[in-house]
Amino acid sequence: MVPPAALLKAAAAAVPLLSYLDAKYMIRNDITMIRAFITTQINQRLYERRGRLSPFYFLEDLALSSKPDVANRVFLIYEGRRWTYKQSYDTVCRYATWLKERYAVKKGEIVALDFMNKPCMLWIWLGLWAIGARPAMLNYNLSGDRLVHCVKTSTARLVLIDGEVRNVLEGEAGLATRAQLESEGGEREIVIFDDATERVVETWRAVRPGDEERGDVKLPDMAMLIYTSGTTGMPKAAVISFQKLHYGAGFCHHFLGMLPTDCFYTCMPLYHSSAAILGVTQVLTAGCTLSLGHKFSTKTFWRDVRESDATIVQYVGETCRYLLAVAPDPRDRAHRVRMAFGNGLRPDVWAGFKERFGIATVAEFYASTEGPSGSWNFQEGSWGIGAVGRSGGLLRLLLGGGVKIAKMDDDSETLLRGPDGFVVLCAPMEAGELLWKLDPAAIEKKFQGYWKNGKATDERILRNVFKTGDAWFRTGDLQRTSPDGFWYFVDRLGDTFRWKSENVSTAEVAAVLGAHPSVLEANVYGVALPHHDGRAGCAAVVLEPDADMRALAHHVEHGLPKYARPLFLRVTAQIETTGNNKHLKHSLREEGVEPAVAEKEGDRLWWWKEGRYVRFEEKDWEALRKGNVKL
């Protein structure tokens with residue numbers, strides 16, 4: 001018999017080996033992800049079978065719990081006010097009754113919502129779900145033709161507009177917009193939901209809508225419409241099915257290990273899938289507390305977090321960079337946050353953000369509003385910084401057949417096909433387009449497409465990819481994998497550009513620029529130049545007031561290969577972003593580097609000359625235009 005002391009010694013010796021094997025092969029990560037995936041699949045099937053797919057039932061079950069500590073648990077915190085699950089349920093039933101009795105909203109009807117983040121927006125949204133109706137989430141930044149387009153696309157006959165953004169319907173341009181909304185595309189009613197309207201709803205009776213109003217829906221059926229950002233054209237209305245809703249919220253809940261005691265803070269706009277699905281719906285799934293910010297601001301972010309005792313914060317795009325750019329504060333670590341969750345955290349910001357604010361875990365994900373899948377990276381310590389996903393051998397064995405990275409043709413945005421006519425896979429560390437597998441006989445099971453836009457829907461589906469008859473979803477994003485199982489975002493397809501016969505990733509160039517202490521923010525893109533093939537690298541940058549341009553040039557020269565160095569810098573006070581803090585490039589590309597155009601808003605152009613950045617002036621543009629400059 002082996003002595004106990006020897007067993008303990010052997011066990012102690014095995015711990016480092018087991019830790020090493022776990023880190024190398026991602027065993028715990030894979031088991032956690034597989035368990036979350038299976039649990040979510042089972043749960044959503046049960047919800048469907050029981051006719052309880054509407055997230056209204058999550059709210060109801062908690063509000064009517066026989067346990068007082070559950071019904072009286074805080075559901076929502078907003079600007080110092082708190083609503084328990086019981087209070088929220090009563091309010092939602094009141095709003096549901098108002099929608100039915102005042103505006104005759106029926107099951108299956110689409111109602112357009114144009115709101116800032118605020119409680120009444122949540123009550124209307126959940127009230128619509130309570131009566132089986134479907135919200136179309138409008139971007140509150142839209143006006144004019146884009147607003148009209150989104151409303152008309154939704155087919156909504158009722159549009160509720162927050163009193164705070166009523167200016168989109170005021171003035172000469174606003175009145176013209178209102179006239180279009182009310183007269184084009186069928187009979188439509190526009191309602192300004194202001195403080196007076198809210199007080200009226202508060203007097204309405206609260207009646208629970210019957211189950212028949214929410215029943216008879218299946219997982220592929222529409223739960224809501226969420227619009228794409230429309231950075232290169234009009235926004236498209238992505239159909240968010242109940243399956244996508246439950247998969248996103250349910251998987252995250254289990255993967256992140258959210259508990260009823262957690263408080264989830266988001267100030268990301270509720271019209272976007274990040275806050276709507278992975279924020280509000282996830283909180284309802286987990287039965288915890290939502291702390292809601294009115295909008296993102298570096299001045300209110302940490303104040304809201306501290307006052308609500310938030311344990312998880314949500315970020316999107318450049319959120320963390322903006323927070324890091326604020327002057328250090330003695331209270332930077334005076335919070336209870338254990339995790340930052342979101343997507344778009346740049347590698348050059350990642351470690352600094354965790355260190356300064358004392359946040360142990362970053363849960364970064366990759367997904368798209370309309371996409372059928374995603375990837376996830378639960379990052380602790382220093383392992384896996386910058387990755388948008390991770391998968392060990394077990395996960396690849398069980399689930400890996402549904403995701404591939406395919407080679408791109410160097411001279412176009414088409415996938416490269418081999419002699420057999422099928423698409424060629426990328427090797428590890430080689431960038432290519434990320435593809436997700438679809439059922440060719442039932443595409444709608446995973447991808448419901450864009451509402452009333454069959455052409456745009458079909459453009460995202462690729463067939464006969466790796467074998468005859470298969471079907472795959474085109475993400476439009478370039479990624480690469482590392483040999484140790486991490487997935488890295490490279491760029492948006494179309495954001496990369498070719499210069500000197502080389503492909504340049506704007507995201508990777510931005511990461512190098514952002515690592516310089518004088519660069520507060522960088523947005524990289526390619527610009528067309530007279531008498532030159534391809535596109536030259538340009539970066540719109542926000543710099544420290546005392547930035548040393550020579551030091552910056554030295555940093556660029558040593559950090560990037562010659563073909564990838566930005567030949568032009570557009571120094572600006574602020575970089576334009578979407579409502580979700582993602583950089584906009586389209587207008588910058590269109591304006592190019594002609595000083596008369598690019599400097600009209602007070603920006604200043606610099607260009608690379610003899611190993612340093614110097615001012616780029618009208619005479620330099622004229623020399624380029626006449627073909628007297630060879631870059």
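Two strands count as paired here if DSSP finds at least two bridges between them. Strands (E, at least two residues) and helices (H or I, at least four) are DSSP runs, numbered from the N terminus.

This is a predicted model, where local features need pLDDT of at least 70, side-chain atom pairs count only at pLDDT 80 or more, and totals for chains, interfaces and linings use all residues. Residues are numbered from 1 along each chain as its sequence is written, and side-chain values use heavy atoms, with hydrogens and water left out.

**Stop 1: the sheet**

Start by selecting residues 568-571 and 604-609. These are strands S25 and S26, antiparallel and joined by four bridges. Zoom in on Phe 568: its bridge partner in S26 is Trp 607. Now look at what S26 does with S27, where four more bridges hold an antiparallel pair. Trp 607 turns up again, this time opposite Val 614 of S27. The two strands make a hairpin with two residues between them, and Glu 610 in that turn has a positive phi of about 55°.

Widen the selection to get the whole open sheet: five strands in the order S23-S24-S25-S26-S27, with mixed pairing. Which strands stand at the edges? They are S23 (519-527) and S27 (612-615); each has a single partner strand, so one side of each has no neighbour in the sheet. From one strand to the next the twist averages 30°.

Next, add 549-559. That is helix H18, which lies across S23, S24 (536-543), S25, S26 and S27 and runs at about 135° to S27. Contact means heavy atoms within 4.5 Å. Axes are lines fitted to C-alpha atoms, for helices over the stretch in contact, with angles from 0 to 180 degrees between N-to-C directions.

**Stop 2: a pocket**

Select Leu 478, Thr 496, Phe 497, Asn 503 and Val 504. Of the 30 residues lining the second largest pocket, these are the closest to its centre. About 660 Å³ of space lies in there. On a 1 Å grid over the protein atoms alone, a pocket is an open set of points with protein on both sides within 12 Å along at least five of seven lines, a cavity is a set where a 1.4 Å probe fits but cannot get out, and lining residues have an atom within 4 Å of a point. Grid points are joined across faces, edges and corners, and volume is the space filled by probe spheres set on them.

Colour the lining by element: S19 (471-481), S21 (497-499), S22 (502-504) and H17 (506-514) each give two or more residues. H17 has the largest share, three residues. By type, the lining splits into 14 nonpolar, seven polar and nine charged. Nonpolar covers Ala, Val, Leu, Ile, Met, Phe, Trp, Tyr, Cys and Pro; charged is Asp, Glu, Lys and Arg; the others, Gly among them, are polar.

**Stop 3: the cavity**

How many cavities of 30 Å³ or more does the structure hold? Just one, with about 60 Å³ of space. Its lining includes Thr 40, Tyr 47, His 246 and His 254. H2 (27-49) gives the largest share, four residues. No charged residue lines this cavity: the split is two nonpolar and seven polar.

**Stop 4: two loop residues**

Finish with Asp 216, in the loop between H9 (195-202) and S7 (222-227). Its phi is positive, about 60°, although it is not a glycine. Asp 216 is exposed at 73% relative accessible area (buried is under 20%, exposed over 50%, partly exposed in between, with a 1.4 Å probe and protein chains only).
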